[in-house]
Amino acid sequence: MTFAIRTSGLTKRYDDVAAVDGLDLEVECGALYGFLGPNGAGKTTTIRMALGLIHATSGAVEVLGERVSTDRGPLERVGALVEEPAFYRYLSGRRNLEYFARAGGRGEGTRRRLARVDACLAQVGLIHAADKRVKAYSQGMRQRLGIGLALLGEPELLMLDEPTNGLDPTGMREMRQILRALADGGTTVFVSSHLLAEVEAMCDRVGVMAQGRIVAEGPPGTLRGAADRVRIEVDDVKAARAVVERTPDVSVVSASGDGSGVLQVMLAGVLTPGALNAALVAAGIQVNALVPERDTLEDVFLHLVEGIDVPR
Amino acid sequence: MFRVEIGKALRRWRTWLLAAALAGVPVLIVIAVKASPPQPQAAEDAPPFLLQIVRNGLFAPLTGLAVVQPFFMSLAIGLFAGDAIAGEAQSGTLRYLLVRPVRRVRLLVAKYLSAMTLTGALLVGVILAGLLAGGVVFGFGPLPTLSGTTLSTWEALVRVIGSGAYILVAASGITAVGLFISTLTDSGPGAIVATVIVAIASQVIDQIPNLHTLHPYVPTHGWLGFTGLFRFPVDWSGMRAGLTVSAVYTIAFMILAIWNFRRRDITS
């Protein structure tokens with residue numbers, strides 16, 4: 001099977017610190033893959049190696065079945081946004097796309113790109129500003145122009161590093177819709193992000209990176225399940241705590257208040273918030289609110305790395 | 001890639017500003033000489049070229065080239081070669097060029113050729129402006145050589161153009177040095193300044209008599225060799241030395257630039 005991206009033992013060391021540490025990553029063709037991790041996890045370094053911008057210390061990376069190196073660069077069939085977009089500020093948006101199209105030479109790929117300039121500008125909603133200098137663009141417009149540039153070559157694989165940076169909520173939703181539509185059309189989309197909600201809202205598959213390694217991988221729902229917290233407001237914290245401690249598959253995270261107050265618990269295994277509620281009510285406790293707490297990436301991340309021995 | 005580079009440069013204000021500054025030099029000289037012609041009794045103080053302009057407009061482009069070469073040329077090479085990679089790295093566009101993809105060696109070669117072409121275009125601008133201003137104000141005529149013989153108007157024109165061509169080729173070495181400097185840093189202005197400093201320092205060293213043992217090895221050695229075209233018979237020795245030095249520097253520093261650029265991690 002050909003993978004869109006496949007790394008084996010990919011490592012990048014800066015002096016003694018491994019930014020990427022023996023990474024084995026497989027991204028199937030056609031997936032919308034979320035590459036999640038806190039800042040400094042090694043996501044950008046991985047993407048830069050997959051694009052032939054930086055040398056791997058060891059290991060290999062294949063993109064669309066071909067080995068990538070700094071001598072060859074990526075394939076024509078890859079579109080990318082690496083960290084923030086960058087353009088020639090003294091040129092208009094349209095000219096920027098034309099120049100990047102021509103930079104590859106005079107072959108078929110260039111002709112195809114030049115013919116698509118206006119279509120790409122329209123796709124990212126910049127056709128009205130196409131002739132303005134990039135200097136005058138807002139951050140959101142530059143971000144969208146960056147996506148337009150990545151789409152110019154009708155790529156089979158899109159590698160986007162934090163594509164929703166600098167976008168307002170409407171822009172973020174539009175971006176997700178664009179990426180979803182591309183993935184549904186058969187393009188493999190590889191998106192890095194540090195926002196769990198964003199990745200969960202659009203991706204088919206998620207890999208979580210921390211300290212240079214993949215610490216979890218799978219459909220987005222499975223990650224959240226690993227750390228399910230519930231906030232319960234009751235009239236008698238002490239009694240509620242006693243009930244929770246008797247019940248299997250649940251543990252108290254924190255309790256506050258004497259008498260009426262708030263209890264925070266962590267669910268594990270098969271216990272559902274509903275079953276916990278029933279147990280509390282059966283014990284004669286009044287439950288005023290029972291709210292599943294959405295975990296931040298930090299929580300999921302911390303939970304994920306707890307059980308793993310990561311040398312520092 | 002080469003055409004893209006030229007196109008980009010032509011859409012920058014600074015390119016045109018530099019071209020205007022360079023082309024303005026021979027025009028200014030013509031105006032200055034016309035406004036206060038050198039007096040015969042001051043002949044010993046005045047540079048020989050300036051004294052001749054009054055009689056012959058052909059001296060204007062030649063004087064323009066000679067005046068422009070030490071500083072403005074160095075500045076142009078700084079802007080075109082020093083900024084070539086470093087400037088792209090600073091603006092972040094370097095990574096987008098490389099993922100387009102453009103191979104690194106190809107990018108460097110295109111940058112080198114476009115830097116040379118743009119420098120050449122500036123020199124053409126100096127010659128044309130000088131011919132125009134000098135021709136209109138003083139007219140053309142046969143040109144006396146430094147050896148006391150006389151060149152016909154056409155022969156003199158050919159030698160003026162030859163001087164420009166020599167100045168350009170002699171600048172190829174320092175252009176390669178600038179390109180190498182450009183691969184060392186992600187700061188455009190830093191690379192520009194470093195290149196200009198190297199070019200000027202090299203010329204200064206070449207002028208200090210006490211350092212004569214170094215002279216044959218500095219990258220700008222022989223820059224003034226084009227004056228040999230205005231002797232009779234033509235004195236090729238200065239130009240031969242200049243061409244040798246620039247060929248060696250071009251080859252050596254292009255190899256260094258390619259080596260360094262290929263091994264580098266692009267983190268800009």
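## A tour of two sheets in chain A

Start with the sheet of 6 strands in chain A, which is open, has the strand order 6-7-8-3-9-10 and is mixed in its pairing. Strands, like helices, are DSSP runs numbered from the N terminus (E, at least two residues, for strands; H or I, at least four, for helices). Two strands pair if DSSP finds at least two bridges between them.

Next, select 78–81 and 213–218 in chain A. These are strand 6 and strand 10, the edges of the sheet; each has a single partner strand, so one side of each is left without a neighbour in the sheet. From one strand to the next the twist averages 15 degrees. Angles run from 0 to 180 degrees between N-to-C directions, with axes fitted as lines to C-alpha atoms, for helices over the stretch in contact.

This is a predicted model: local features need pLDDT of at least 70 and side-chain atom pairs count only at pLDDT 80 or more, while totals for chains, interfaces and linings use all residues. Residues are numbered from 1 along each chain as its sequence is written, and chains are lettered from A and ligands numbered from 1 in the order in which they are written.

**Strand 3**

Select 32–36 in chain A, which is strand 3. Are its residues buried or exposed? In strand 3 of chain A, 5 of the 5 residues are buried, so the strand is largely enclosed by the rest of the structure. Buried means that 20 or more other C-beta atoms, placed from the backbone, lie within 10 Å of the residue's own. A:Leu32, A:Gly34 and A:Leu36 point one way, and A:Tyr33 and A:Phe35 the other.

Strand 3 of chain A runs parallel to strand 8, joined by 5 bridges, and A:Phe35 stands opposite A:Ser192 there. With strand 9 of chain A it also runs parallel, over 4 bridges; here A:Gly34 faces A:Val206.

**Strands 9 and 10, and a helix**

Move to 205–210 in chain A: this is strand 9, paired with strand 10 in the antiparallel sense over 5 bridges. A:Ile214 in strand 10 is the bridge partner of A:Met209. Then select helix 5 (169–184) of chain A, which packs on the sheet, touching strand 3, strand 7 and strand 8, at about 145 degrees to strand 8. Residues are in contact if their C-beta atoms, placed from the backbone, lie within 7 Å.

**The other sheet**

Finally, find the open sheet of 4 strands in chain A, ordered 2-1-4-5 with antiparallel pairing.

Definitions and conventions. Two residues are in contact if their C-beta atoms, placed from the backbone, lie within 7 Å. A residue is buried if 20 or more other C-beta atoms lie within 10 Å of its own, exposed if 12 or fewer, and partly exposed in between; C-beta atoms are placed from the backbone.
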